[in-house]
Amino acid sequence: MKLTYYGHACFAVQTAGRVLVFDPFITPNELARGIDLEKVPADYIFVSHGHFDHIADAVALAKHTGATVVSNHEICNWLLRQGVAKTHALNHGGSARLDFGRAMFTAAVHSSSLPDGTYGGNPGGFLVQTAEGDFYYAGDTALTQDMKLIGETARLRFAALPIGDTFTMGVDDAVRAAEFLRCTEVFGLHYNTFAAIRIDEAEAVAKFRAARKHLRLLLPGESHNF
Ligand code: NI
Ligand code: MN
């Protein structure tokens with residue numbers, strides 16, 4: 001499956017002829033100024049929680065692509081009020097059977113208020129199962145024991161994990177998360193966008209290597225086949 005990075009915690013996965021976009025935050029992101037939102041394709045948009053750096057472009061992207069937005073109940077209701085036509089609401093542990101496979105809303109330890117202050121329900125992540133394999137996007141979260149449950153059941157091609165610290169887990173806990181998830185290939189997210197989450201990339205890659213894991217850091221616009 002082909003993954004394309006759009007900066008911060010936004011990326012797309014192409015599988016089964018569908019494009020799945022996660023946490024669209026492109027137009028406000030200085031580091032993603034080379035990406036034209038109008039040219040980003042999407043059949044599904046997954047929103048992990050209500051924070052601006054995950055939902056900023058969700059309404060515009062859903063409107064111009066006609067994509068279905070998958071998120072929690074409160075965020076789906078809020079998006080419907082902003083004029084988004086198609087949503088698929090989930091809550092923790094629940095999954096949706098979609099035309100490319102299955103997506104489960106997983107637990108995350110974080111917060112989730114929406115940009116206008118509306119209650120955004122509880123934050124999550126997504127375990128996505130497809131004919132090409134499974135992957136897990138943790139969303140913004142601390143390291144949790146719950147990740148062990150995912151490692152026990154799914155065989156992950158890759159895990160997309162936040163590594164920037166301050167608002168989410170940092171590199172050391174992300175290495176432990178990869179161990180809990182029994183996953184070797186890690187795609188790093190949620191770092192360097194703001195001063196508070198700046199990291200030493202070489203040190204991060206070395207820490208994963210020491211644990212016999214592979215941390216992949218892409219530039220906005222770059223793709224990789226997992
Ligand atoms: Ni957040
Ligand atoms: Mn965030």
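**Metal site and surrounding elements of the predicted model**

Along the chain, the donors of the manganese ion (ligand 2) follow the spacing D-H-x85-D-x49-H. In this predicted model, the protein donors of that ion are D53 through OD, H54 through NE2, D140 through OD and H190 through NE2, and they lie 2.1 to 2.2 Å from the manganese ion (ligand 2). D140 also bridges the manganese ion (ligand 2) and the nickel ion (ligand 1), the two ions lying 3.1 Å apart. Because D140 is located in the loop between β10 (133–137) and α4 (146–153), while H190 is located in the loop between β12 (185–189) and α6 (201–210), the pair ties together parts that are 50 residues apart in sequence. Both D140 and H190 are buried.

The loop between β11 and α5 contains T168, a residue that is buried with a relative accessible area of 8%. When neighbours within four places in sequence are left aside, T168 is in contact with D140 and H190, and also with T141, P162 and I163; D140 and H190 are themselves donors of the manganese ion (ligand 2). D165 is placed in the loop between β11 and α5 as well, but at 45% relative accessibility D165 counts as partly exposed. The backbone of D165 takes a positive phi of about 65° although D165 is not a glycine, whereas most residues other than glycine have a negative phi.

A196 belongs to the loop between β12 and α6, the loop that also holds the donor H190. With a relative accessible area of 40%, A196 is partly exposed. The contacts of A196, not counting residues up to four places away in sequence, are with G164, T166 and F167. Of these, F167 is 29 residues from A196 in sequence, and the two are 8.6 Å apart in space, C-alpha to C-alpha.

The helix that follows the D140 loop, α4, packs against helix α5 (residues 171–181) at an angle of about 40°, with the two axes 7 Å apart. The two helices, α4 and α5, are therefore oblique to each other. On the α4 side the contact is made by M147, K148, I150 and G151, and on the α5 side by A177, F180 and L181. By residue class, the contact of α4 with α5 divides into five nonpolar residues, one polar and one charged.

Within α4, the residues M147, I150 and G151 are buried. These three cover an arc of only 100° around the axis, which puts them on the same side of α4. On the other side of the helix, L149, E152 and T153 of α4 are exposed. The cover over the buried residues of α4 includes the strands β8 (101–107), β9 (124–130), β10 and β11 (156–162), together with helix α5.

Helix α2 (residues 58–65) carries H64, which is partly exposed with a relative accessible area of 33%. Not counting residues up to four places away in sequence, H64 touches L37, E38 and V40. The separation between H64 and M1 amounts to 63 residues in sequence and 24 Å in space, C-alpha to C-alpha. Elsewhere in α2, the residues A58, V59, L61 and A62 are buried, and what covers the buried residues of this helix includes β3 (18–22), β4 (44–46), α1 (52–55), β5 (68–72) and α3 (73–81). Of these covering elements, α1 spans residues 52–55, and the manganese donors D53 and H54 fall within that range. Just after α2, G66 adopts a positive phi of about 75°.

H8 has a positive phi too, of about 55°, although H8 is not a glycine. The position of H8 is in the loop between β1 (2–5) and β2 (11–15), and at 2% relative accessibility H8 counts as buried. H8 and D165 thus each take a positive phi without being glycine, yet H8 is buried while D165 is partly exposed.

Methods: Residues are numbered from 1 along each chain as its sequence is written. Chains are lettered from A and ligands numbered from 1 in the order in which they are written. This is a predicted model: local features need pLDDT of at least 70, side-chain atom pairs count only at pLDDT 80 or more; totals for chains, interfaces and linings use all residues. Side-chain values use heavy atoms; hydrogens and water are left out. Donors are N, O and S atoms within 2.8 Å of the metal (3.2 Å for Na, K and Ca); water is not among the atoms, so sites may look incomplete. Helices (H or I, at least four residues) and strands (E, at least two) are DSSP runs, numbered from the N terminus. Buried means under 20% relative accessible area, exposed over 50%, partly exposed in between (1.4 Å probe, protein chains only). Axes are lines fitted to C-alpha atoms, for helices over the stretch in contact, and angles run from 0 to 180 degrees between N-to-C directions. Angles under 35 degrees count as roughly parallel, over 145 as roughly antiparallel, 65 to 115 as roughly perpendicular and the rest as oblique. Contact means heavy atoms within 4.5 Å. Ala, Val, Leu, Ile, Met, Phe, Trp, Tyr, Cys and Pro count as nonpolar, Asp, Glu, Lys and Arg as charged, and the others, Gly among them, as polar. The arc is that of the directions from the helix axis to the C-beta atoms.
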